[in-house]
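Got your viewer open? Grab the mouse and let's take a walk through this protein, one selection at a time.

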Amino acid sequence: MTIGFASRAAVSGCALCAAGLLALAPAAATTGPGVDPGPRTTDAPASLLYRPGTHVRPRAGAPEVPDLSARSWLIADADSGAVLAAHDAHRRLPPASTLKTLFALTVMPALPSGIRHRVAPEELEGIGPGSSLVGVAENRTYRVSDLWNGVFLNSGNDAVHVLAALNGGWRVTAERMQEKARDLGARDTRVKSPDGYDAPGQVSSAFDLAVFGRAGLRSPEFAEYCARAEAAFPARDGGSYPIVNTNRLLTGADGVAPYRGLIGVKNGYTSHAGNTLVAAARRDGRTLVATVMNPRSDEGHAVYEEARDLLDWGFEAAGRVSPVGSLDALRSAPPGGPEADAVAVSVSREDDSDERPVWWTITGAGLLGGAGMAVYLRLRWGPVPKDSPRP
């Protein structure tokens, strides 16, 4: 079959229209705000976690999600990153010593555990009043591993100050922690004091803390420290004394029953933050990570009991709920801060329609296609005299 000139022009117009779709659709599919170009862990809309309230997507036979008093909480599969349920996941709250998880993720790779260091007096300056301490003494030599025991078990702010000094200083460490948080996709976190001590503007979220806990479990060194129940810490006189992990869900201290399968991670408390906890547990080949921030219950150990309820629910709900988001969702989000991320993700993932071209894609394709048709009509009919009707 021979295609005439007019037909060829029409085909060219259609080709231009197709070219418009091909040129613009990839931009919508791969570079839209908040879209992760890597493999997706879950098909749930990332924007869901930015909405207030409790979010869970139960299937048939799923247990009812527990009613917790925490201002913010989240539970996720530590292996896949799939978020099973959450409440105000991106609400920014003071993290207290759970921020030490980010401190460890940032500093631990730079300091071999066998290094021995003599503590200078100035390295212990600036520790906030009322801080938890492990008993680091000036002019005493410690191994880096001793100091990490002090960080994870006793939540020692004195140990954090010395490690930060070895890492380049307090301010440099805070800046590096902020960069690390950004690299991990933790967009709610603002680091002002690397030890988690209350400081104006210092916040994190249940989502971000779960990201830190999950990342820490992937490091054998981090995982070993955060799961350790007790250790010996060097004393001023050259001997040592025992220290016990303050995570009662791990040790079973003070009337809190230890949680079966718990593998860490970190607890915290300040008068401003209240109680906070990142807890991870492994059962039957599945690892879950849960975050509980500032329970409003009057019960003294509410943060541990609510984490227990959340982990119990997560193991029972495995395979019976669809994810409501992913801990990997924000790794490639655009710059602009958490507020911009929230809006961008909501727009791009609201209806799970990544394959559908957005309005500007269709408009652009239409304009290119229209231009093609204009060329065709001009070639077919010739110039149109002014005010002449088209036949």
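Here is a tour in six stops, from the whole chain to a pocket.

**Stop 1: the whole thing**

Keep in mind as you look around that this is a predicted model. Show everything as a cartoon: the protein has eleven helices and twelve strands. It is 391 residues in total, and 51% of them count as buried. Now for how the chain folds back on itself. If you take the contacts with a separation of 6 or more, 68% of them are between residues 24 or more positions apart.

**Stop 2: strand E3 and its partners**

Select residues 82-87, which make up strand E3. Are its residues buried or exposed? Six of the six are buried, so the strand is largely enclosed by the rest of the structure.

Next, add the neighbours. Select 54-58 for strand E1, which pairs with E3 over three bridges in the antiparallel sense. Show histidine 55 and you'll find it opposite alanine 86 of E3.

Now select 70-77. That's strand E2, antiparallel to E3 and joined to it by four bridges. One pair to pick out here is alanine 76 with its bridge partner in E3, valine 83. E2 and E3 form a hairpin with four residues between the strands, and glycine 81 in this hairpin has a positive phi near 85 degrees.

There is also a partner from much further along the numbering: select 325-326, strand E12, which runs antiparallel to E3 and is joined to it by two bridges. Look for serine 326, the bridge partner of alanine 82.

Before you move on, click aspartate 88, in the loop between E3 and H2. Its phi is positive, near 45 degrees, even though this residue is not a glycine. Aspartate 88 is also buried, at 16% relative accessible area.

**Stop 3: the loop before H4**

Zoom in on asparagine 154, which sits in the loop between H3 and H4. With a relative accessible area of 19%, asparagine 154 counts as buried, because the cut-off is under 20%. Who does asparagine 154 touch? Leaving out residues up to four places away in sequence, its contacts are Ser132, Leu133, Val134, Asn149, Ile243, Val244 and Thr246.

Now click serine 155, in the loop between H3 and H4. Serine 155 isn't a glycine, yet it has a positive phi of about 55 degrees. It is buried too, with a relative accessible area of 8%.

**Stop 4: helix H4**

Select 157-166 to get helix H4. How many of its ten residues are buried? Eight are, which leaves H4 mostly covered. To colour them, pick Asn157, Asp158, Ala159, Val160, His161, Val162, Leu163 and Ala164. These buried residues pack against H2, strand E4 (116-118), helix H3 (144-152) and H5. After the helix comes glycine 168, with a positive phi near 115 degrees.

**Stop 5: helix H5**

Select 170-183, and you have the 14 residues of helix H5. Try a distance between its end C-alpha atoms: they are 20 Å apart, which agrees with the 20 Å that this helix should span at 1.5 Å a residue.

Colour the buried residues, Thr173, Ala174, Met177 and Ala181. Turn the view to look down the axis: they fall within an arc of 100 degrees, so they line one face of the helix. The general background is that an α-helix has 3.6 residues a turn, so residues three or four places apart point the same way.

What covers those buried residues? Helix H2 (100-107), H4 and helix H6 (206-217) are among the elements that do. Spin H5 to the face turned away from its buried side, and you'll see the exposed residues Arg171, Glu179 and Asp183. Following H5 is glycine 185, whose phi is positive, near 85 degrees.

**Stop 6: the largest pocket**

Finish with a surface view. The largest pocket holds about 360 Å³ of space. It is lined by 25 residues, and those closest to its centre are Ser97, Ser132, Gly268, Tyr269 and Thr270, so select these to find the spot.

Then show strand E8 (262-270), strand E9 (274-283) and helix H9 (302-317), each of which supplies at least two lining residues. Which of them gives the largest share? That is E8, with five residues of the lining.

Note on methods. Residues numbered from 1 in each chain as written. Predicted model: local features only at pLDDT ≥ 70, side-chain atom pairs only at ≥ 80, totals over all residues. Heavy atoms only, no water. Expected span 1.5 Å × (residues − 1). Buried < 20%, exposed > 50% of the residue type's maximum accessible area, 1.4 Å probe, protein only. Arc of directions from axis to C-beta. Contact = heavy atoms within 4.5 Å. Pairing = 2+ DSSP bridges. 1 Å grid on protein atoms, 1.4 Å probe; cavity = no way out; pocket = protein on both sides within 12 Å on 5 of 7 lines; lining within 4 Å. Points joined across faces, edges and corners; volume = space filled by probe spheres on them.
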